[in-house]
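Visitor: Could you take me through one part of this model closely, and then set that part against the rest of the chain? I would like the cut-offs stated along the way.

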Amino acid sequence: HGFGDPIFGYQAVLAPDARNVLDVLLELVVKRVIFTTTVQQLEFKGQKIVTELFHAFATDPARLLPPRDAQRYREAETDDLKQRVICDYLAGMTDDYATKRYQQLFEPRVGSVFDRI
């Protein structure tokens with residue numbers, strides 16, 4: 001198996017009846033929750049926010065990234081590593097924080113030097 005400890009060779013398995021119930025429930029959640037118009041619109045909006053934030057930070061990282069991340073960006077030796085710094089910064093954001101940063105950068109009536117992030 002490639003692991004040093006034999007415990008990693010074990011795998012939990014559901015009984016066939018329980019697996020069938022779980023499969024039905026998963027299909028129900030996918031159809032009735034995940035692929036609803038409302039959830040899909042939220043997913044689209046989230047993708048747009050993350051994509052636009054990435055492009056903004058990649059365009060001007062020295063001005064837009066926080067100092068610690070801007071330093072990590074400058075020290076990164078390749079373009080891939082520089083992009084990784086931005087990705088890590090975005091991955092650490094909560095939904096609310098990402099929304100606030102997006103509004104600060106892209107909505108004309110939002111954002112002041114006196115706002116707390």
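Guide: Helices (H or I, at least four residues) and strands (E, at least two) are taken here as DSSP runs, numbered from the N terminus. On that basis the chain has 6 helices and 0 strands, and its pattern, read along the sequence, is α-α-α-α-α-α. This is a predicted model, in which local features need pLDDT of at least 70 and side-chain atom pairs count only at pLDDT 80 or more, while totals for chains, interfaces and linings use all residues. Residues are numbered from 1 along each chain as its sequence is written, and side-chain values use heavy atoms, with hydrogens and water left out.

The part to look at closely is helix 6, residues 95-106. With the expected span defined as 1.5 Å times one less than the number of residues, the 12 residues of helix 6 should span 16 Å, and the end C-alpha atoms are indeed 16 Å apart, which agrees. Buried means under 20% relative accessible area, exposed over 50%, and partly exposed in between, using a 1.4 Å probe and protein chains only; by that rule the buried residues of helix 6 are Ala 98, Arg 101 and Tyr 102. Seen down the axis of helix 6, these buried residues fall within an arc of 100°, the arc being that of the directions from the helix axis to the C-beta atoms, so they line one face of the helix. An α-helix has 3.6 residues a turn, so residues three or four places apart point the same way. Counting a contact as heavy atoms within 4.5 Å, the buried residues of helix 6 pack against helix 2 (37-59), helix 3 (61-64) and helix 5 (79-91).

Two of those neighbours, helix 2 and helix 5, also carry charged pairs described here. A salt bridge is a side-chain nitrogen of Lys or Arg within 4 Å of a carboxyl oxygen of Asp or Glu, and by this rule the count comes to 8 salt bridges. In helix 2, the side chains of Lys 48 and Glu 52 meet in a salt bridge at 2.5 Å, N to O; being 4 residues apart, the two are separated by about one helical turn. Lys 48 is partly exposed at 38% relative accessible area, and Glu 52 also counts as partly exposed, at 24%.

Asp 88 and Arg 72 form another salt bridge, at 3.5 Å, N to O, and this pair links distant parts of the chain, with Asp 88 in helix 5 and Arg 72 in helix 4 (residues 67-75), 16 residues apart. Asp 88 counts as partly exposed at 30% relative accessibility, as does Arg 72, with a relative accessible area of 32%. Salt bridges that share partners join Arg 68, Asp 69, Arg 72, Arg 84 and Asp 88 into one network.

As for the chain as a whole, buried residues make up 17% of its 117 residues, and among contacts between residues at least 6 apart in sequence, 48% join residues at least 24 apart. Along its principal axes the C-alpha trace spans about 60 × 45 × 25 Å.
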